[in-house]
Amino acid sequence: RHEFVVMISGHCIPQSKDWLYELSLPFHKKINSPREIIGVYGRQIPEFDSKALDKRDLWNTFGEEDRLQVRDIFFHNANSIIRRETLIKYPFSEKVTNVEDRLWGKEMITNGYALYYASRAIVYHWHGINHAGDESRADKVVKVLEENQIYTIPEPSFRI
């Protein structure tokens, strides 16, 4: 019934009462963008007792500056907002076991839209994006990314 769909993982807790306002702000303020902003995701920070690998991954992935993305396909739906009509037209894949948000981000960029990272829309996330170095999860993630050609390793452009 509403214009926006907000997603927050069961592993996340908003850091402030302004979290939702900050997350939705890019849809309401004038941002100089050559493309329509189609999805916004916010910053994730570790909890006080998070494992060191999770702290490192969250701090390295989610920076302190807002970012308009017109080529970068990274999107993280654990802390995000998307127009309802967009999700109806471009739903997340239900065929993959994980990183459906990366596949969706690639589809949005490929279709000429922009993504936005809102650094002040902060949530505590219980685990990092790499689940404390869980190698079996990493294998599954890489399999999905490779099968869907999200990231590729280019051939060297020169020989030594």
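This is a short talk on one strand, the cores, and the charged pairs of the structure above. Keep in mind that the model is predicted.

I'll start with strand β6, residues 114-125. This strand is mostly covered, with 10 of its 12 residues buried. What does β6 pair with? Strand β2, residues 12-14, runs antiparallel to β6, over three bridges. β3 pairs with β6 in the parallel sense, and there the count is nine bridges. β4 is antiparallel to β6 again, over three bridges.

Some register points, if you want to follow along on the screen. Ile13 stands opposite Tyr124 in β6. Ile45 also stands opposite Tyr124. Further along the strand, Leu115 has Gln69 opposite. In general, side chains in a regular strand alternate between the two faces of the sheet.

Now the cores. The largest nonpolar core has 26 residues. Which of them touch the most other members? Those are Phe62, Phe75, Ile82, Phe92, Trp104, Met108 and Leu115. As for where the core comes from, β3, α4, β6 and α5 each supply at least two residues. In sequence, β3 covers 37-46, α4 covers 100-110 and α5 covers 135-147. The largest share, four residues, is from α4.

Apart from this core there is another, of 15 residues. Its members include Phe4, Trp19, Tyr116 and Ala121.

Back to Phe62 for a moment. Setting aside neighbours within four places in sequence, Phe62 is in contact with Tyr41, Gly42, Arg43 and Gln44, among others. The list also includes Phe74, His76, Tyr117 and Ile129.

Next, the charged residues. There are seven salt bridges in the model, and I'll go through some of them. Glu22 forms one with Arg120, with the closest N and O atoms 3.7 Å apart. Glu22 is in helix α1, residues 19-28, and Arg120 is in strand β6, so this pair ties together parts that are 98 residues apart in sequence. Asp66 forms a salt bridge with Arg120 as well, at 3.4 Å between the closest N and O atoms. Asp66 sits in the loop between α2, residues 52-61, and β4, residues 67-69, so here the parts tied together are 54 residues apart in sequence. Glu22, Asp66 and Arg120 are thus linked in a network of salt bridges.

How accessible are these three? Glu22 has a relative accessible area of 17%, so Glu22 counts as buried. Arg120, at 43%, is partly exposed. Asp66 is partly exposed too, with 27%.

A further salt bridge joins Arg56 and Asp57, whose closest N and O atoms are 2.9 Å apart. Arg56 is partly exposed, at 43%, whereas Asp57 is buried, at 7%.

The last residue is Arg83, in strand β5, residues 79-83. Is Arg83 buried or exposed? With a relative accessible area of 17%, Arg83 is buried, because the cut-off for buried is under 20%. What does the Arg83 side chain meet? There is a polar contact with the side chain of Glu3, at 2.4 Å. Beyond four places in sequence, the contacts of Arg83 are Glu3, Phe4, Phe27, Glu36 and Ile38. Of these, Phe4 is the one I named earlier as a member of the 15-residue core.

How values were computed: Residues are numbered from 1 along each chain as its sequence is written. This is a predicted model: local features need pLDDT of at least 70, side-chain atom pairs count only at pLDDT 80 or more; totals for chains, interfaces and linings use all residues. Side-chain values use heavy atoms; hydrogens and water are left out. A nonpolar core is a set of buried Ala, Val, Leu, Ile, Met, Phe, Trp, Tyr and Cys residues joined through side-chain atoms within 4.5 Å. Buried means under 20% relative accessible area, exposed over 50%, partly exposed in between (1.4 Å probe, protein chains only). Contact means heavy atoms within 4.5 Å. A polar contact is a pair of N or O atoms within 3.5 Å; within protein, one must be able to donate a hydrogen and the other to accept it, and residues adjacent in sequence count only if both atoms are side-chain atoms. A salt bridge is a side-chain nitrogen of Lys or Arg within 4 Å of a carboxyl oxygen of Asp or Glu. Two strands pair if DSSP finds at least two bridges between them.
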